[in-house]
Amino acid sequence: MHTILGTIRQKVETSRRLSADEGLLLYRPEVDLHAVGELADMVRRRKSGDAVYYNINTHLNPTNVCIYRCELCAYSCDVGDPRAYLMSDREILDRGAEAVENGSTELHIVGGIHPEKDFDWYLGIIGRLHKAFPRLLLKAWTAVEIARLAELSGRSIRAVLEELIDAGLTSLPGGGAEIFHPDVRRRICSRKIDADHWLEVHRTAHRLGLRSTATMLYGHVEDPKHRIDHMLRLRELQDETGGFLAFIPLAFHPENTRFSHLRRPSGLDDLRTMAVGRLMLDNFDHMKAYWISLGVGTAQVALAYGADDLDGTVRHELIHHEAGAQSPEALSVDRLRGLITEAGRRPIERDTLYRPVRRNGNEWEVEE
Ligand code: SF4
């Protein structure tokens, strides 16, 4: 085992790409987690030095009604369910105003696929928010939503994205990727678009000049080979387009889902997955420790296992909290910066596109 890890170490030290088999080996429990973390930290340091990024952002989930009702989802419901909600145009604009007032540079917008809402509704949300708050960067609609809008409107994915860009869209979030392998997808999100569709939406977005992120939801019915397969598919697309800004491993929270009998992945699994992701995705610049999903403590420790980003202050997150995430509803900038400096690193506020932000209270500008 030492010899094989030695070979991997040599490859990492000389910036050579790891194979699928090597990725699988890094997941074996007998391979020392801290040795894997140390290798990931070497790559992280090479890419980001002592910088750890965070942003000031606000979430907007316009509706929790969704036609797909994925088996993994605790957030969605049907029309008529007592939990169902649909935000009005006024409420959506109020959220934008709140984001600006709290100094956010980004509004993160995702939600369900509402059966009574058409392309114009999704387009209108972007258009109205951009018109009212032109400096707020709108990171909106997962690949699942974009694909559905193409289907609904009879437009191509490219045409849908072009109209959204014209309306003010800045980038795409990385949700909906879950685990790409069809054997897993069949069990956790049987009605959602498949991997090829998800990747095609991001490929098209990248070709249009949009940047995006990529997620992986782990810790349910998949095993390490599915996780490595997922990472390799992302690595392949990143080789082609270079459009992904960051990889975001998301720990599955089973509460209120059809998998409520499962346990949430362990902290050790969280750290190993962060480290393996950092090592396999050699063409990704950033690895995000999303504290909402990992918990604040584990996210902080993950900064020593390959992560260089803590995501943001995050106000109004619903999706992971509905599934039992125990993390706070939001973190203050002081707390985020404190978590980073306690870890011996240098906090840097960034915008969606990882441009450093210079700030004076709620006034900000980006360094190009
Ligand atoms: S995970 Fe997304 S697509 Fe699936 S049911 Fe939930 S909101 Fe809908």
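**Before the views.** Two strands are said to pair when DSSP finds at least two bridges between them. Strands (E, at least two residues) and helices (H or I, at least four) are DSSP runs, numbered from the N terminus. What you see is a predicted model, where local features need pLDDT of at least 70, side-chain atom pairs count only at pLDDT 80 or more, and totals for chains, interfaces and linings use all residues. Numbering starts from 1 along each chain as its sequence is written.

**View 1. Seven strands line up in parallel in an open sheet.** Follow the order E2-E3-E4-E5-E6-E7-E8 across this sheet. Strand E2 (57–60) and strand E8 (286–287) each have a single partner strand, so these edge strands have one side without a neighbour in the sheet. Further in, E5 and E6 run parallel and are joined by 2 bridges, and Ser171 has Arg211 in E6 as its bridge partner. Helix H10 (residues 224–241) packs on the sheet and touches E6 and E7, with its direction at about 170° to that of E6. Helix H11 (residues 267–280) also packs on the sheet, touching E6, E7 and E8, and its direction makes about 160° with that of E7. For these angles, axes are lines fitted to C-alpha atoms (for helices, over the stretch in contact), and values run from 0 to 180 degrees between N-to-C directions.

**View 2. Strand E7 is mostly covered.** All told, 8 of the 8 residues of E7 are buried; a residue is buried if 20 or more other C-beta atoms, placed from the backbone, lie within 10 Å of its own, exposed if 12 or fewer, and partly exposed in between. Strand E6 (residues 211–218) runs parallel to E7, joined by 7 bridges.

**View 3. Leu172 sits in strand E5 (residues 169–172).** Leu172 counts as buried because it has 30 C-beta neighbours inside 10 Å. Setting aside residues up to four places away in sequence, Leu172 touches Trp141, His202, Ala205, Leu210 and Ser212; contact here asks for C-beta atoms, placed from the backbone, within 7 Å. Val201 is 29 residues from Leu172 in sequence, yet their C-alpha atoms are 9.6 Å apart in space.

**View 4. Helix H6 (residues 143–153) is mostly covered.** Here 8 of its 11 residues are buried, among them Val144, Ile146 and Leu149. The buried residues of H6 pack against helix H5 (119–132), helix H7 (157–167) and helix H9 (195–207). Gly154, with a positive phi near 70°, follows H6.

**View 5. Three strands form an open sheet with parallel pairing.** The order is E9-E1-E10. Because strand E9 (309–312) and strand E10 (346–349) stand at the edges with a single partner strand each, one side of each is left without a neighbour in the sheet. From one strand to the next, the twist averages 25°. Strand E1 (residues 51–55) and E10 pair over 4 bridges in the parallel sense, and Val52 stands opposite Pro347 in E10.

**View 6. Twelve names to look for around the ligand, starting from Cys66.** The ligand is surrounded by residues including Cys66, Tyr68, Arg69, Cys70, Cys73, Val144, Cys189 and Lys192; such a residue has its C-beta atom, placed from the backbone, within 6 Å of the molecule. This shell divides into 8 nonpolar, 2 polar and 2 charged residues. Nonpolar means Ala, Val, Leu, Ile, Met, Phe, Trp, Tyr, Cys and Pro, charged means Asp, Glu, Lys and Arg, and the others, Gly among them, are polar.

Definitions and conventions. Two residues are in contact if their C-beta atoms, placed from the backbone, lie within 7 Å.
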